[in-house]
Amino acid sequence: MNKVNAIDHLSVTSIGKAVNCPRSWWCSYILKKDRPSSGAAQFGSQYDQIIGKRLNTKCHKDEAISGGLADGVEEAVNGYLSQPHAFRSATDSQLPINISPSEWEVMAEILGMYSEIPYPITGFIDLYDSNKRALVDLKTSSSKRTTFMWAVQVLIYSLATQANEAEIHLMTRTKTPAYYRLPVPVTPTSQAWAMQIFAHQTALIKQWLVEGAGEHLPRVPGYWCGWCSEELECPATTVILGG
């Protein structure tokens, strides 16, 4: 069944989910079958919000923290702010972006390429310095393993804000928490690379919607299964990973 009108925009986060596991993306954004917010998601959201407030930034998406602070989040924030690389010059937090298809084509043309997207792209930048045109994406994870989609994400953010500098600041929730600074080179080459990946994935998503391909999309087991509503019934998890 054609579901091409089922969505009217794509978020940077949703594109990452589509790359990780197409079936999980379909469950979340078409079937609306997301699992209840996990402790890890709550921790990460509170971590981002509190850092923005402690840095006295202009917060563009100030969400109430309900149910009290997640265990360890206050200590994690204090740990980040004690790091030499903490982004103390940030002027804005949770800064929204919205890239229209026409704006995307202009960005691509500036980079000397042709690229198009079928839907607007939205997202939120954790920390932004409007004076230096620099941005930071805050990440929390149970390990220091990174993913190339993190780099794609911040490069798309750099295009939306015309930023010259971009970094990922990773905090690992391990027995001994650690903090990592991961600079992402902002160059015409890196931005063109990010746009190519992004445009390719958005074209695939439109094709899935046109074909109504949800039941036949690949299921890719891995780290992100814990966030998927179909984890317990997914054959890729139960058969391939022996779950």
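These questions and answers look at how some terms apply to this predicted model.

The model is predicted, so local features need pLDDT of at least 70 and side-chain atom pairs count only at pLDDT 80 or more, while totals for chains, interfaces and linings use all residues. Residues are numbered from 1 along each chain as its sequence is written, and side-chain values use heavy atoms, leaving out hydrogens and water.

Q: Why is Gln94 called buried?
A: Buried means under 20% relative accessible area, exposed means over 50%, and partly exposed is in between (1.4 Å probe, protein chains only). Gln94 has a relative accessible area of 7%, so by the cut-off of under 20% it is buried.

Q: What makes Asn56 count as exposed?
A: The relative accessibility of Asn56 is 69%, and exposed means over 50%, so the word fits. You can find Asn56 in the loop between α3 (39–54) and β2 (58–59).

Q: Why is Pro221 called partly exposed?
A: Its relative accessible area is 25%, and partly exposed lies between the two cut-offs, so Pro221 belongs there. Pro221 is in the loop between α7 and α8 (235–240).

Q: What is notable about the phi of Asn56 and of Gln94?
A: Most residues other than glycine have a negative phi. Asn56 is not a glycine, yet its phi is positive, about 60°. Gln94 is not a glycine either, and its positive phi is about 50°. Gln94 sits in strand β3.

Q: What makes α5 a helix with a number?
A: Helices are DSSP runs (H or I) of at least four residues, strands are runs (E) of at least two, and both are numbered from the N terminus. Helix α5 spans residues 101–110, so it is a run that fits the rule.

Q: How do you know that the buried residues of α5 are on the same side?
A: Trp104, Met107 and Ala108 are the buried residues in question. They cover an arc of only 100° around the axis, and this puts them on the same side of α5. The arc is that of the directions from the helix axis to the C-beta atoms. The face turned away from this buried side carries the exposed residues Glu109 and Ile110.

Q: Which residues make the contact between α5 and α7, and at what angle do the helices pack?
A: Helix α5 and helix α7 (residues 188–211) pack at an angle of about 145°, with their axes 11 Å apart. Axes are lines fitted to C-alpha atoms, for helices over the stretch in contact, and angles run from 0 to 180 degrees between N-to-C directions. Trp104, Met107 and Ala108 of α5 meet Met195, Phe198 and Ala199 of α7. Contact means heavy atoms within 4.5 Å.

Q: What makes a set of residues a nonpolar core?
A: A nonpolar core is a set of buried Ala, Val, Leu, Ile, Met, Phe, Trp, Tyr and Cys residues joined through side-chain atoms within 4.5 Å. The largest one has 46 residues, and Trp25, Ile156 and Ile205 touch the most other members. Helix α6 gives the most to this core, with 9 residues. A second, separate core of 20 residues includes Ile51, Ala134, Val136 and Leu138.

Q: Which residues is Ile205 in contact with, leaving aside its neighbours within four places in sequence?
A: Ile205 is in contact with Ile7, Leu10, Ile15, Ala18 and Trp25.
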